[in-house]
Amino acid sequence: MSDEADRDLRQRFQVLRERDEAESPAFRSLWRAAAPAPSRRPWLAGAAAAATCAALLLLAVLARPGADIESPRPALALEHAPLDFLLKPVRPCASLPMPAAAGRGFLE
């Protein structure tokens, strides 16, 4: 591009920027419109907090540790595991005949 075409392009973009700035609203008016309205019931948050504290206090008093509630026996404290018999070695039964290759090497 030539210098003259560059200047013309810059000037056109400058005109577009100025138009956009003139048409856009001021930032302060947008900021004020987006601000939350003041609450009509400021006491509502305090009442909700007080009710929550009262419920927690009541729960703490009624559910004291060491009460008469029995805890269930934990599953990890079983005397033996359900599949414990699988860990024991298998003894050959005397009534069954032994295979012919028993006791000898596999490749012999």
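Here is a short briefing on the fold, the confidence and the surface of this protein.

The structure is a predicted model, and its mean pLDDT is 78. The protein has three helices and zero strands. Of its 108 residues, 0% count as buried, so a look at the surface comes with the territory.

**Fold and confidence**

- Following the sequence from its start, you will meet the pattern α-α-α.
- Helix H1 covers residues 3-23, helix H2 covers residues 27-34, and helix H3 covers residues 43-62.
- A pLDDT of 70 or more is reached by 69% of the residues.
- Among the elements, H1 has the highest mean pLDDT, at 92, while helix H2 has the lowest, at 81.
- A friendly word of caution: where pLDDT is low, the predicted coordinates should not be read in detail.

**Surface overall**

- The accessible surface of the protein adds up to about 11500 Å².
- Carbon and sulfur atoms account for 63% of that accessible surface.

**The salt bridge in helix H1**

- The count of salt bridges comes to one.
- Its partners are the side chains of Asp8 and Arg12, which meet at 3.4 Å, N to O; this pair qualifies because the cut-off for a salt bridge is 4 Å.
- Both Asp8 and Arg12 sit in helix H1, four residues apart, or about one turn of the helix.
- Asp8 has a relative accessibility of 35%, so this residue counts as partly exposed.
- Arg12 has a relative accessible area of 55% and is therefore exposed, since the exposed class begins over 50%.

**The negative patch**

- Glu18, Asp20, Glu21 and Glu23 come together on the surface as a patch of negative charge.
- One of these residues, Glu23, belongs to helix H1.
- Glu23 is exposed because its relative accessible area is 64%.

**The nonpolar patch**

- On the surface, Leu57, Leu58, Val61 and Leu62 make up a nonpolar patch.
- Together these four residues offer about 430 Å² of accessible area.
- Leu58, one of the patch members, is part of helix H3.
- With a relative accessible area of 53%, Leu58 counts as exposed.

**To take with you**

- When you turn to the 3D view, you could begin with Asp8 and Arg12 in helix H1, then move on to the negative patch that includes Glu23, and finish at the nonpolar patch that includes Leu58.

Terms used:
Residues numbered from 1 in each chain as written. Predicted model: local features only at pLDDT ≥ 70, side-chain atom pairs only at ≥ 80, totals over all residues. Heavy atoms only, no water. Patch = residues over 30% accessible without salt bridge, like charges linked within 9 Å, V, L, I, M, F, W, Y side chains within 5 Å. Areas by Shrake-Rupley, 256 points an atom, 1.4 Å probe, with all protein chains shown as cover. Helix = DSSP H or I, 4+ residues; strand = E, 2+ residues; numbered from the N terminus. Buried < 20%, exposed > 50% of the residue type's maximum accessible area, 1.4 Å probe, protein only. pLDDT = per-residue confidence, 0-100. Lys, Arg positive; Asp, Glu negative; His and termini not counted. Charge placed at Lys NZ, Arg CZ, Asp CG, Glu CD.
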